[in-house]
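Colleague: Please take one part of this model and go through it closely. I would like the loops and the helices around them treated in one connected account, with the pocket included.

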Amino acid sequence: MVALVIIHMVQVFLFGAFKFPRELTWMVGVLLLLMTLGMASPGRSCASTRNAYWGLGIGASVMGRMPFVGPKLVHLMFAVLS
């Protein structure tokens, strides 16, 4: 699901389908992308398996590299998921 949404958003961006008169549609699409990404992380950690453990660690590592807010987001992610 996440891969398909990202591929779709890249296609829309490359085709320029976000320009006038479709700005609102683009903003809704970006919001839906963010919601999909937000739901993918907790869904991955629900299963109590080795894959969930390592997937959560990799996600935290990637998120932690974001400038300024990365460590705070990692702390928030672990607080919400635990």
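**Phe68 and its surroundings**

Modeller: Phe68 counts as exposed, because its relative accessibility is 78% and the cut-off for that class is over 50%. The model is a predicted one. Phe68 sits in the loop between α3 and α4. Its backbone is also worth a remark: phi is positive at about 70°, although Phe68 is not a glycine.

After that loop comes α4, which covers residues 70–81. The helix has twelve residues, and from its first C-alpha to its last it reaches 16 Å, close to the 16 Å expected at 1.5 Å a residue. Gly70, Val74 and Met77 are its buried residues. They lie on the same side of α4, because the arc they cover around the axis is only 60°. An α-helix has 3.6 residues a turn, so residues three or four places apart point the same way. The face of α4 turned away from this buried side carries Pro71, Lys72, His75 and Val80, which are exposed.

Met77 leads on to the largest pocket, which holds about 370 Å³ of space. Its lining is made up of 16 residues, and those closest to the centre are Ser41, Gly59, Met63, Leu73 and Met77. Met77 is thus both one of the buried residues of α4 and one of the residues closest to the pocket centre. Three helices, α2 (23–46), α3 (50–64) and α4, each supply at least two residues of the lining. The largest share comes from α3, with six residues. By residue class the lining divides into eleven nonpolar, four polar and one charged.

The other end of the chain can be read in a similar way. Helix α1 runs over residues 2–15, has 14 residues and reaches 20 Å from its first C-alpha to its last, close to the 20 Å expected at 1.5 Å a residue. In α1 the buried residues are Val5, Met9 and Val12. Seen down the helix axis they fall within an arc of 60°, so they line one face of α1. Ala3, Leu4, Ile7, Leu14 and Phe15 are exposed on the other side of α1.

Two backbone features follow α1. Gly16, just after the helix, takes a positive phi of about 75°. Phe20 and Pro21 are joined by a cis peptide bond, with omega at about 5°. Pro21 is found in the loop between α1 and α2.

As for the whole protein, there are four helices and zero strands, and from the N terminus the elements run α-α-α-α. The radius of gyration is 15 Å, well over the 12 Å that the globule rule gives for 82 residues, so the protein is more spread out than a compact globule. The C-alpha trace spans about 45 × 30 × 20 Å along its principal axes. Of the 82 residues, 17% count as buried, among them Gly70, Val74 and Met77 of α4 and Val5, Met9 and Val12 of α1.

Methods. Residues are numbered from 1 along each chain as its sequence is written. This is a predicted model: local features need pLDDT of at least 70, side-chain atom pairs count only at pLDDT 80 or more; totals for chains, interfaces and linings use all residues. Side-chain values use heavy atoms; hydrogens and water are left out. The expected span of a helix is 1.5 Å times one less than its number of residues. Buried means under 20% relative accessible area, exposed over 50%, partly exposed in between (1.4 Å probe, protein chains only). The arc is that of the directions from the helix axis to the C-beta atoms. On a 1 Å grid over the protein atoms alone, a cavity is a set of points where a 1.4 Å probe fits but cannot get out, and a pocket is an open set with protein on both sides within 12 Å along at least five of seven lines; lining residues have an atom within 4 Å of a point. Grid points are joined across faces, edges and corners, and a volume is the space filled by probe spheres set on the points. Ala, Val, Leu, Ile, Met, Phe, Trp, Tyr, Cys and Pro count as nonpolar, Asp, Glu, Lys and Arg as charged, and the others, Gly among them, as polar. The radius of gyration is taken over C-alpha atoms; the globule rule is 2.2 Å times the number of residues to the power 0.38.
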